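Trainee: Please give me a close account of one part of this model, the second of its assigned domains and the sheet at that end of the chain. I should like the strand order, the pairing and the packing set out with the criteria behind them.

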Amino acid sequence: MTCVMSTSDSAHCPLPRGGGMLPYMTTDQYVITVDELRRRYAGGFEAVSGITFSVARGEIFALLGTNGAGKTSTVELLEGLAEPASGTVRVLGHDPYRERSAVRPRIGVMLQEGGFPSDLTAAETARMWSGCTSGARPVGEALELVGLGHRADVRVKQLSGGERRRLDLALALLGRPEVLFLDEPTTGLDAEGRRDTWDLVRALRDTGTTVLLTTHYLEEAEALADRLAIMHRGRIVASGTPAEVTASRPARIRFELPHGVQPGRLPLALRAAADGRRIEIRTHQLQEALTELLRWAEREGVALAALDARSASLEEAFLEIAQTELDMSTGTATGMAGAGR
Ligand SMILES: Nc1ncnc2c1ncn2[C@@H]1O[C@H](COP(=O)(O)OP(=O)(O)OP(=O)(O)O)[C@@H](O)[C@H]1O
C-alpha cells in the first residue's frame, strides 16, 4: 500500500533495448523504462530474468503471464519495494529504489492484497491514508470514484472482498498519481464492478495517467491495454498491442458440412481438420480463406451449418504461447518466436 503525494517531473530515461519502445516516441515520453531487469530471491532463485520494456505517458500497459511468471516480482521493482539484482528501472526518470522520495509521491499503488485495520470504516481508512498524502483529493471524491460513496461509513471487516478491492483502488487514487500500478485490480469483483473499474482506468488514462497493471483476465487486457507483455518463467515471451500479439496467431473458421457432402470435396487449400462433418480451418489469411469457402459453397449449393469465423483472441494466443513455452521447457516443442525476446 502506498502513500501518494506530489512533486515535479524531471524525466530522463535510458533507452531500453529490444521490442519495448514505440518507434515514434522519444525517451522523455516514457515514464517507465525497464532494461535487462533481473530479480533474485534469497537462495538464488531468479524470478525476473532480463526483461526489457517501456511504457509511454498516458498509456495502459498490461503485464500478463502464467502463475509464478514474475509479474508481481517485476511490479515490486517498479514500485521501488526491492532492489534489482541487475539491469535498470526508471520511473518518471528516477531509480524507484534509490530515489524513492522522488518517485513515491508521484505514484499510486494497488497491491494484490491491501492490509487495512478492520475496525475502521472505509472513510476513516481513506482519511488516515490521506493524512500521509500531500495534495490528496477529498476522501469522499476518492470513494465516489470507485463506487464506494454509499459504503463510506461501513467498517472494513463488513465490506465484501470486491468492496475492499475498490477501497484499495480509492487509496491508490487519493494523491492524483501520475503513474498508477495496479496488481490484479479486478480480482474478486463481479462483472459490473469489473466494467466500472475498466471505465475508471480508461478515464484516468484519458486524463494523462500512465497505468501499469497485471491481470489474469485476458479479456481485461484485451479491453484495456494499449500494449502488453506476456511473461513466462521470468522472461517476456511476447509483447505489443493486443492486435499485434494476436495477429501472429492463426484465425479459425468452423462449420458443419451437410450429410452426404464429404470433406474431400472442399477446395484443396481449405481442407483442414475434419471431425466427421465438423470442419475446422486454421489460417493466417482469414479473408481469403473465408471468401474461397463461401464461393465454393455457393457454387456447389452447399449449406454450411454453424458457420463461425474469427480472429485469434488474446486468450487463444496466450494459451498457445504458454503451451509452446511449456513444451519447449520439456523438450517437446517445435519452437516459438516471442515478439518480446
Ligand atoms: N519472497 C520470495 N522468495 C522466493 N521466491 C519467491 C518469493 N516471491 C515470489 N517468489 C517466486 O518467484 C516466482 C515469481 O513470483 P511472482 O509472484 O512474481 O509471480 P506472478 O507472475 O505475480 O504470479 P501470480 O500470477 O501467481 O500472482 C514464483 O516462482 C514465486 O514462487
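Mentor: The account below begins with the domains, proceeds through the sheet strand by strand, and ends with another sheet of the chain.

The model is a predicted one, in which local features need pLDDT of at least 70 and side-chain atom pairs count only at pLDDT 80 or more, whereas totals for chains, interfaces and linings use all residues. Residue numbers start from 1 along each chain, following the sequence as written.

The chain is assigned two domains, domain 1 (18-245) and domain 2 (250-310), with bounds taken from an automatic or database domain assignment. Between the centres of domain 1 and domain 2, taken over C-alpha atoms, the separation is 44 Å.

The sheet you ask about is open and has four strands in the order β11-β12-β10-β13, with antiparallel pairing. At its edges stand β11 and β13 (305-310), each of which pairs on one side only. From one strand to the next the twist averages 10 degrees. Strands here are DSSP runs of E with at least two residues, helices are runs of H or I with at least four, and both are numbered from the N terminus. Two strands count as paired if DSSP finds at least two bridges between them.

Consider the pairings in turn, starting from the β11 edge. Strand β11 (residues 273-275) is joined to β12 by three bridges in the antiparallel sense, and A273 faces E280 of β12. These two strands, β11 and β12, make a hairpin with two residues between them. In its turn, G276 has a positive phi of about 65 degrees.

β12 (residues 278-283) also pairs with β10 (residues 251-256), again antiparallel, over six bridges. In that pairing R254 of β10 stands opposite E280. E280 therefore recurs as a partner: A273 is opposite E280 in one pairing, and R254 is opposite E280 in the other.

β10 and β13 run antiparallel and are connected by four bridges. One of the positions joined is E256, whose bridge partner in β13 is A305. Helix α9 (residues 286-300) packs on this sheet and touches β10, β12 and β13, contact meaning that C-beta atoms placed from the backbone lie within 7 Å. The direction of α9 makes about 20 degrees with that of β10. Angles run from 0 to 180 degrees between N-to-C directions, with axes fitted to C-alpha atoms, for helices over the stretch in contact.

For context, consider another sheet of the chain. This open sheet consists of six strands, ordered β5-β6-β7-β3-β8-β9, and its pairing is mixed. Its edges are β5 (107-110) and β9 (235-240); each has a single partner strand, so one side of each is left without a neighbour in the sheet. The average twist from one strand to the next is 15 degrees.

Within this six-stranded sheet, β6 (residues 179-183) and β7 (residues 210-214) pair in the parallel sense over five bridges, and L180 is placed opposite V211 in β7. A helix lies over this sheet as well: α5 lies across β5 and β6, and runs at about 170 degrees to β5.

How values were computed
Contact = placed C-beta atoms within 7 Å.
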